[in-house]
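Here are my notes from going through this one. Have the viewer open while you read, and take the points in any order.

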Amino acid sequence: MTQGSKPPIIWLNVFVFTSSLLLAFVATPIYAYYHGLGGEHWLWLLLAFSFCNLSITAGYHRLWSHKAYNAHPVLRFIFALGGAFALQNSALHWSSDHRIHHRHVDNNDKDPYSAKRGFWFSHIGWMLRHYQPAAYGDYANCRDLQKDKIVMWQHKHYVLLALLMNFGIPLLLGVIYGDIIGMLLMVGAVRLVLSHHTTFFINSLAHIWGSQPYTEKNTARDNGILAVFTFGEGYHNYHHIFENDYRNGIYWWQYDPTKWFIKSCSWIGLTDKLRVSPQAKIEKAKALMLRKKAEDKIATLQNYQAIKEHLETEYDALIERMSEYYDSKKQLIENKKNALSKQYELAILRVQHKQIKLQFEQQKRTWNSLVLQYV
Ligand SMILES: [Zn+2]
Ligand SMILES: [Zn+2]
């Protein structure tokens, strides 16, 4: 596209984003000042906000865009309603965009919200003009989703559902608590603005601000602070390399409520076939990144070649020990599963595994102390 020939503005989107922002930041404080807001307004704001965002992160994103797990129709129906409430287009449309984003990440011509086009564009600008008029129609990259009856039902009735959820829920709460305007402002406008922009942060900030522990091949970043506002989606660097993992924050201490939600649902049969990336692959990606960073740091040193060779040797040893360790772990688990396996064989395997584990850990320590001298 040439400079100066910008595509036409999508006035409906401009109107929705601007009016909700004005209602949230101007009308709501004025209303609160003159009429006051109760605990119920804040409680329902939090509940509605969580409902919207989890429907996007667990539903639109990890379930439908990435097939990271299977969900019971009841849960898919709830996500379809929550997604319409979040006002981010239908699940089919959203997933189609998102799959293109992963496939062509940072490609300014193809990635619908390429971070390389700047913060504003990737945050919201991409939705304000008809940048990709030819991209939709048959949703060819979502053939699987077109077999999901709930996805297609939501897609067909999206506008009606979006109106019903966005006006119906605040109105209903307004009638129950006797404050229709207050609920329309808090659960309608404020919730929508918060839900919109926290989700948009994943396309903008999560591609600008944070660390890159797994890959440098794209702009995606890991950011623990952003994870708090985005229900765990802040671990975006990990997500862009292992996109089919149902987790984004893979360590237990990483704040990822979407992961906890999906896991909890599996205990009551609402979700199953939760996909996780092999630990060996994850550790390998991390080690490779550290090696690259160390090599960059030592590039100007006089004994560059010697250090580089040392790094290479230790890295190779690490990868070897690592694959030995995970192979042996796998074998042990398989044997444990087999109740008929002889105790004797198992005992030998255990001893071997312990030894391999020690060797791997030793090599990991050597590697870390070596590489951390440079990064
Ligand atoms: Zn991304
Ligand atoms: Zn994704």
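**Notes on the model**

UniProt, in an unreviewed entry, puts the feature "transmembrane region" at residues 12–35, 41–60 and 158–177.

1. Before anything else, keep in mind that this is a predicted model. The protein chain has 14 helices and 2 strands. Its C-alpha trace spans about 70 × 60 × 45 Å along the principal axes.

2. Back to the transmembrane annotation. What does the model show over two of those spans? Residues 41–60 are 100% helix and 0% strand, and their end C-alpha atoms lie 27 Å apart. For residues 158–177 the end C-alpha atoms are 28 Å apart, again with 100% helix and 0% strand.

3. On burial and contacts: 36% of the 375 residues of the protein chain count as buried. If you take the contacts with a separation of 6 or more, 68% of them come from residues 24 or more positions apart.

4. The domain assignment splits the protein chain into domain 1 (11–272) and domain 2 (279–371). Taken over C-alpha atoms, the centres of domain 1 and domain 2 are separated by 38 Å. How many residues of each domain are in contact with the other? On the domain 1 side there are 8, and they meet 5 residues of domain 2. By class, the part of domain 1 that touches domain 2 has 5 nonpolar, 2 polar and 1 charged residues.

5. There is a second UniProt feature to look at, also from an unreviewed entry: "coiled-coil region" at residues 294–328. In the model the chain over residues 294–328 is 86% helix and 0% strand, with 30 Å between the end C-alpha atoms.

6. Now a helix pair in some detail. How do α2 (residues 39–65) and α11 (residues 257–267) cross, and at what angle? Their axes come within 10 Å and cross at roughly 70 degrees. With 65 to 115 degrees as the range for roughly perpendicular, that is why α2 and α11 get that label. The α2 side of the contact consists of Leu-54, Thr-57, Ala-58 and Arg-62, and these meet Thr-258, Phe-261 and Ile-262 in α11. Sorted by class, the contact of α2 with α11 has 4 nonpolar, 2 polar and 1 charged residues.

7. Two backbone angles deserve a look. Most residues other than glycine have a negative phi. Lys-67 is not a glycine, yet has a positive phi of about 55 degrees. Lys-67 lies in the loop between α2 and β1 (70–71). Is Lys-67 buried or exposed? It counts as partly exposed, because Lys-67 has 16 C-beta neighbours inside 10 Å.

8. Asn-89 is the other one: not a glycine, but with a positive phi of about 75 degrees. Asn-89 sits in the loop between α3 (73–86) and α4 (91–103). Asn-89 has 19 C-beta neighbours inside 10 Å and so counts as partly exposed; the cut-off for buried is 20 or more.

9. Finally, the segment before α1 (11–35), where Pro-8 is found. Pro-8 has 8 C-beta neighbours inside 10 Å, so Pro-8 counts as exposed. Which residues does Pro-8 touch, leaving out those up to four places away in sequence? The answer is Arg-129 and His-130. Pro-8 and His-130 are 122 residues apart along the chain, but 5.8 Å separates their C-alpha atoms.

Conventions
Residues numbered from 1 in each chain as written. Chains lettered and ligands numbered in written order. Predicted model: local features only at pLDDT ≥ 70, side-chain atom pairs only at ≥ 80, totals over all residues. Domains from an automatic or database assignment. Contact = placed C-beta atoms within 7 Å. Nonpolar A, V, L, I, M, F, W, Y, C, P; charged D, E, K, R; others polar. UniProt positions renumbered as here; feature names shortened; annotations may be inferred. Helix = DSSP H or I, 4+ residues; strand = E, 2+ residues; numbered from the N terminus. Axes fitted to C-alpha atoms, helices over the stretch in contact; angles between N-to-C directions. Parallel < 35°, antiparallel > 145°, perpendicular 65-115°, else oblique. Buried ≥ 20, exposed ≤ 12 C-beta atoms within 10 Å, placed from the backbone.
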